[in-house]
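Student: Can we go through the aromatic rings in this one? I'd like to know how they pair up and what sits over them.

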Amino acid sequence: FTVVVNGTASHPVPETLFGYMFEDINFSGDGGLYAEMLMNRAFQQVVPGTSSALQAWSAVNGAEISVVNSTSPVSSALPNSLEVTIPSTASGAVGVANSGYFGINVQESWTYNASFFFKFPSGSKFNGKVTASLVGLDGSTLASSSVDVRGASSTKWTEFFVHLKPSKTAPNTNNTFTVTFDGKEAAGETIHFAMFSLFPPTFKGRANGMRMDVAQALADTKPGFWRFPGGNNLEGQTIPQRWIWNNTVGPLVDRPGRLGDWGYINTDGLGLKDYLDFIVDAGMQPIMAVWAGYSFGGTVDAADIGPYVQEAIDQINFVIGDPSKSAAAALRASLGHPEPYELHYVEIGNEDFFATDTYLDYRWADFVGNLSAAFPQLNFLATTMTFDPVLTPGPKFYDVHVYNTPSWFVENAFVYDGFERNGTKYFEGEYAAISTNANDLFGTPADGRFNFPEMQGSAGEAAFMTGLERNSDIVFAASYAPTLQNVANFQWTPNLIGYDAENVFLSTSYYVQKMFSINKGEEYLPSTLPDATGVVHWSVVRSPSTKQVFIKVANAGADAASIAFALPFVVSTEGSMEVLTGAMGASNTPQAPNTVVPKTLNFKAGKSFTFDAPAFSASVLTLKTE
Ligand SMILES: [NH3+][C@H]1C[C@H](O)[C@@H](O)[C@@H]1CO
């Protein structure tokens, strides 16, 4: 191939071109990015007396434990509490243990913040200690802290906070968090507990914040945006079970949680303001969805849509409203953020191509009509297929989703070249190579589905992404999906970043996203077009501010390819390149996390040079202009 690069940019590269789609799927929020370490910390949305009510909890040394629907709960949002009865014959440490989200990471260098509410349901003469501990698989105490308790003065809910500093790092994550009494001291006592919590240090030290290593892996790609809260997890199994913004803000005891749309209860401890603060901390901007009247279990009738439109208006006012004019904005101010957050994009629903008729009939018009009148400065995204049906008012933005085979992505690198430039802009909001079987894309691994991203898929995505860059005059944002997966319990594969209780696993597709995102440049330089039917694709961008040119090359084929580049401007002979390449079916897995990692090397650049793109590879060549 010979590639002649044009010295005149065709268009700027949008700041938002690469970023993340987030929803709580695969325990990506609870048990993932959200740093709370205890599963089922507040017995939200469980039925007392059922085994699932006690998920992740177990008795220590003979205590009798059960979830009860408390007559005087800690809050109306948290009606359940944990009843613990200490047998009269008890001795030693007796109480409850939580096994975390598939383990608890105990690091000597960390200070943990533990808390819980408790009370004696009836007057008690108890006068002793309650102890919070981190306990190893072998029963050894890794950390513990006690507080004095007097039964007589604890018949009302009292919240305890303790710091835990481990004496050593645990050899594995099979550790538990326990709250215990001395059996002899507390023999015969019954105690109620509510909302436990155990936090490690968090990303940027945020209260109620994010797990440091997962958040860092996301921030390391310099993402431009964060789409949230879904995805399916916005929609609700029923209308009442939709994601409701005001149930996710304020004190944790006031958040009821909800049955998420991926089969597990969401604590909503990761809520609207927590998202917005993380978005600030990671240098992103939001693409925020509002619920648009469609749940998996039913759709709101046109006649009843008003309150849901108002709910969306309030949600937006929580983000950008004036505290003197909006209660939702005043709530934001009361939570410590009087100034508005940055917000430019609001998505109306999710994948409404599953409910096109009502979206066409009234849902799109009712939401975008009222919201654009209330917030004329915002951009609203539609979620049906592009221009099918023809919506009124005509959307200025669409969110396009595609899950397909590696070859689909290679063959469609030019899909946006053919789009009419009519002012409409596109968010490639969810895309991933997920299977080699075009006839059963969402099937099982036995039928071609990827458990983890494979190099063939990541090279295909890279080819497709050169097309997104070339067409970034109309593609303003793009994100792989789903982003996160707890490898101990998940509902969807493949995913960009995997993790367990102590490790993060970066996939081949993560490295491709990072390669494109941190080298996205400021302006696009046209060049000799790749063969739209070929497997080798490239794109060239420039950053005048740093005098750099970035050439991305994707080779999604099984043969190496040699490409001669000719540049119209002087470039230094010291070039550096990052090359990600591996066998077609190679993946980074928990068992072999570094099977395919990027390699950086220098090369002799200049106004003309040749680059050999390995088979199944994605590369970025960094050049310095004078
Ligand atoms: N079915 C996918 C499309 C939907 O928007 C997401 O929730 C799912 C996984 O990313």
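**Aromatic pairs and charges over rings**

Tutor: Sure. Keep in mind that this is a predicted model. Start with two phenylalanines: Phe181 is buried, and Phe193 is buried too.

Student: How many aromatic pairs are there by the ring-centre rule?

Tutor: The count is 53. Take Phe181 and Phe193: the ring centres are 6.3 Å apart and the planes meet at 50°, so this pair is tilted.

Student: Where in the chain do Phe181 and Phe193 sit?

Tutor: Phe181 is in strand β12, residues 176-182. Phe193 is in strand β13, residues 190-199. The two are 12 residues apart, and the pair links distant parts of the chain.

Student: Which residues do ring pairs link into a cluster?

Tutor: Phe181 and Phe193 are among them, along with Phe43, Trp57, Phe116, Phe118, Phe120, Phe126, Phe160 and Phe196.

Student: New topic. What about Phe387 and Tyr398?

Tutor: They form an edge-to-face pair, 5.2 Å centre to centre, with 65° between the planes. Phe387 lies in the loop between β21 and β22, and Tyr398 lies in strand β22, so the pair ties together parts 11 residues apart in sequence.

Student: Is Tyr398 buried or exposed?

Tutor: Tyr398 is buried, at 1% relative accessible area. Phe387 is partly exposed, at 37%.

Student: And charges? Which ring does Arg470 lie over?

Tutor: Arg470 lies over the face of Phe414, 3.8 Å from the ring centre. Arg449 lies over the face of Trp492, at 4.9 Å from the ring centre.

Methods: Residues numbered from 1 in each chain as written. Predicted model: local features only at pLDDT ≥ 70, side-chain atom pairs only at ≥ 80, totals over all residues. Heavy atoms only, no water. Phe/Tyr/Trp six-rings, centres within 6.5 Å; stacked < 30°, edge-to-face > 60°. Helix = DSSP H or I, 4+ residues; strand = E, 2+ residues; numbered from the N terminus. Buried < 20%, exposed > 50% of the residue type's maximum accessible area, 1.4 Å probe, protein only. Lys NZ or Arg CZ within 6 Å of the ring centre and 35° of its normal.
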